[in-house]
Amino acid sequence: MDSTTQRYIDNLAEAIVKAYDITIPIHDIDAVVQKMGGVVKEQKGLDDLYDGTICKTGRDSFSIVISPFQSQKRKVFTVAHELGHLFLHMGFQIDPVVWENQDDTVYRRFGSSEQEYQANEFAAALLMPRKEYVKVLKNNVRNGRVDISAVASYFHVSNAAAGNRGRFLGYLI
Ligand SMILES: [Zn+2]
């Protein structure tokens with residue numbers, strides 16, 4: 001992913017946090033989805049290959065279906081990832097023409113790895129916005145080392161997700 005795309009995704013997530021008045025850290029991702037006009041459902045029969053899917057259900061509504069067979073942290077990240085598809089690839093509240101053309105009956109599956117990568121970056125940026133991340137990171141340096149598990153627990157994400165975000169932002173190696 002090029003740096004222009006990275007910057008775009010970061011700024012978009014920040015704008016969405018502001019527009020929907022989302023409090024960071026996010027304690028209840030389902031409530032955030034509801035605020036946007038969507039619902040989150042869990043479904044056991046979901047294709048084993050997918051942690052989650054998203055589809056348009058109406059003019060201003062959408063539905064995210066996630067597999068129950070994941071940890072709570074993983075579920076939150078999956079929902080945030082699907083929101084990435086919603087704003088980045090389905091045009092929701094961003095591009096009326098693209099949104100208009102979304103099929104509301106068939107699950108949209110995002111095949112390209114670039115789109116998957118972008119949705120993951122969006123998820124990380126939504127759950128750990130740059131400014132908050134840097135502040136929390138600086139507050140969790142002990143003896144010259146970052147306590148990444150403290151950062152992760154603040155944002156309710158896995159250590160891996162918190163570490164990736166730090167590397168992405170250039171604060172961790
Ligand atoms: Zn995806």
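In which sense do strand β1 (residues 38–42) and β3 pair, and over how many bridges? The two strands run in the parallel sense, joined over 5 bridges; strands are DSSP runs of E with at least two residues, helices are runs of H or I with at least four, and both are numbered from the N terminus. Two strands pair if DSSP finds at least two bridges between them. The model is a predicted one, in which local features need pLDDT of at least 70 and side-chain atom pairs count only at pLDDT 80 or more, while totals for chains, interfaces and linings use all residues. Residues are numbered from 1 along each chain as its sequence is written, and side-chain values use heavy atoms, with hydrogens and water left out.

Strand β3 also has a partner in strand β2 (residues 52–58), here in the antiparallel sense over 6 bridges. A hairpin of 2 residues leads from β2 to β3. On the β1 side, V39 stands opposite S63; on the β2 side, T53 has V65 as its bridge partner. Of the 6 residues of β3 (residues 61–66), 5 are buried, so the strand is largely enclosed by the rest of the structure. Buried means under 20% relative accessible area, exposed means over 50%, and partly exposed is in between (1.4 Å probe, protein chains only).

Turning to the metal site, the zinc ion has as protein donors H81 (NE2), H85 (NE2) and two OE atoms of E116, at 2.1 to 2.5 Å. Donors are N, O and S atoms within 2.8 Å of the metal (3.2 Å for Na, K and Ca), and sites may look incomplete because water is not among the atoms. The spacing of the donor residues in sequence is H-x3-H-x30-E. Helix α3 (residues 72–88) carries both H81 and H85, 4 residues apart, or about one turn of the helix, and both histidines are buried.

The salt bridges come next. The structure holds 5 of them, each being a side-chain nitrogen of Lys or Arg within 4 Å of a carboxyl oxygen of Asp or Glu. R130 meets D10 at 2.9 Å, N to O. Because R130 lies in helix α6 (residues 130–139) and D10 in helix α1 (residues 3–19), this pair ties together parts 120 residues apart in sequence. R165 forms a salt bridge with D10 as well, its closest N and O atoms being 2.9 Å apart. D10, R130 and R165 are thus linked in a network of salt bridges. Within it, D10 is buried at 6% relative accessible area and R165 is buried at 1%, whereas R130 is partly exposed at 26%.
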